[in-house]
Amino acid sequence: MTTTRRITANLSLTLDGRYHGPGGPADLSAIVPYAVSETGRNHLTRIWQQATTALLGRGNAEGFVGYWSAVADDETADPRDRGYAKWLTSVEKVVLSTTWTEPPWEHTLVRNAPAADVVAELKAVGEGDILVNSSVSVLKPLLSADLVDRLYLMICPEIAGSGARLFEDGLPGTRWTLADKEIGDLGELSLVYDRVR
């Protein structure tokens, strides 16, 4: 049995489809300026409002725990950043990892299993969206299995030139409909696409 839970995913991309630049995973120079814009912060708010579970890879979980925990307690932080941070620290989190045994966060379950199997288990119980936030190691296998129902994409108006891409050859052909959009003053686009099934 499965519920009506949706699998949603968020990622920021350059115009040439990269989620980081030529300097490797830490090279977010083409992404960060737009993530902190008005449109970027509105986008951040949009992604979690219907989500009741965060599904993360280990790398993102490690980075998020330190950064967002501090933002949740920072009364001077932008209210949209703080809203996301409070949600993330209190929501049910499932981290896919082959190396972690103890979760570093409250309300966290660590799973050493394929993303599609974990998603099937999560869809069988509970309510609300299951959000894969910026965790490409989780998102890519779910796209390959055609299990993503909604994509939140932040398109940054820069060409990175090299770096890893989200949409690689070999994905199944799928059709999506535009559910929402916002255009920022810097030329960034916040796009919401729903899978047509």
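This passage describes the sheet, the salt bridges and two of the helices in a predicted model.

The sheet is open and is formed by 8 strands, which follow one another in the order β4-β3-β2-β5-β1-β6-β8-β7, with mixed pairing. Strand β4, which spans residues 108–111, and strand β7, which spans residues 176–183, stand at the edges of this arrangement, and because each has a single partner strand, one side of each is left without a neighbour in the sheet. From one strand to the next, the twist averages 20 degrees.

Both senses of pairing can be illustrated with individual strands. Strand β1, made up of residues 7–14, runs parallel to strand β6, made up of residues 150–156, and the two are joined by 7 bridges; within this pairing, Leu-11 has Leu-153 of β6 as its bridge partner. The pairing of β7 with strand β8, which covers residues 189–195, is instead antiparallel and extends over 7 bridges, with Glu-182 standing opposite Ser-190 of β8. These two strands, β7 and β8, form a hairpin in which 5 residues lie between them, and in the turn Gly-187 has a positive phi of about 95 degrees.

Among the side chains, the count of salt bridges comes to 16. One of these joins Glu-62 and Arg-58, with an N to O distance of 2.9 Å, and both residues belong to helix α3 (residues 58–72), where they are 4 residues apart, or about one turn of the helix. Neither side of this pair is classed as buried, since Glu-62 is partly exposed at a relative accessible area of 40% and Arg-58 is partly exposed at 32%.

Other salt bridges connect separate elements. Asp-149 and Lys-123 meet through their side chains in a salt bridge of 4.0 Å, N to O, and this pair links distant parts of the chain, with Asp-149 in the loop between α6 (136–144) and β6, Lys-123 in helix α5 (residues 115–123), and 26 residues separating them. Asp-149 is buried, its relative accessible area being 16%. A further salt bridge is formed by Glu-168 and Lys-140, whose closest N and O atoms are 2.6 Å apart; because Glu-168 lies in the loop between β6 and β7 whereas Lys-140 lies in helix α6, the pair ties together parts that are 28 residues apart in sequence. Glu-168 is partly exposed, with a relative accessible area of 46%. Salt bridges with shared partners also join Glu-38, Arg-41, Asp-78, Arg-80 and Asp-81 into one network.

Helix α5, which contributes Lys-123 to the salt bridge with Asp-149, has Ala-115, Val-118, Val-119, Leu-122 and Lys-123 as buried residues. These residues cover an arc of only 130 degrees around the axis and therefore lie on the same side of α5. The packing partners of the buried residues of α5 are the strands β1, β2 (51–57), β3 (92–96), β4 and β5 (129–133), together with helix α6.

Helix α2, comprising residues 38–48, is largely enclosed by the rest of the structure, because 9 of its 11 residues are buried. The buried residues of α2 are Thr-39, Gly-40, Arg-41, His-43, Leu-44, Thr-45, Arg-46, Ile-47 and Trp-48. Arg-41, buried in this helix, is also one of the residues joined in the salt-bridge network that includes Asp-78 and Asp-81.

How values were computed
Residues are numbered from 1 along each chain as its sequence is written. This is a predicted model: local features need pLDDT of at least 70, side-chain atom pairs count only at pLDDT 80 or more; totals for chains, interfaces and linings use all residues. Side-chain values use heavy atoms; hydrogens and water are left out. Two strands pair if DSSP finds at least two bridges between them. Axes are lines fitted to C-alpha atoms, for helices over the stretch in contact, and angles run from 0 to 180 degrees between N-to-C directions. Buried means under 20% relative accessible area, exposed over 50%, partly exposed in between (1.4 Å probe, protein chains only). The arc is that of the directions from the helix axis to the C-beta atoms. Contact means heavy atoms within 4.5 Å.
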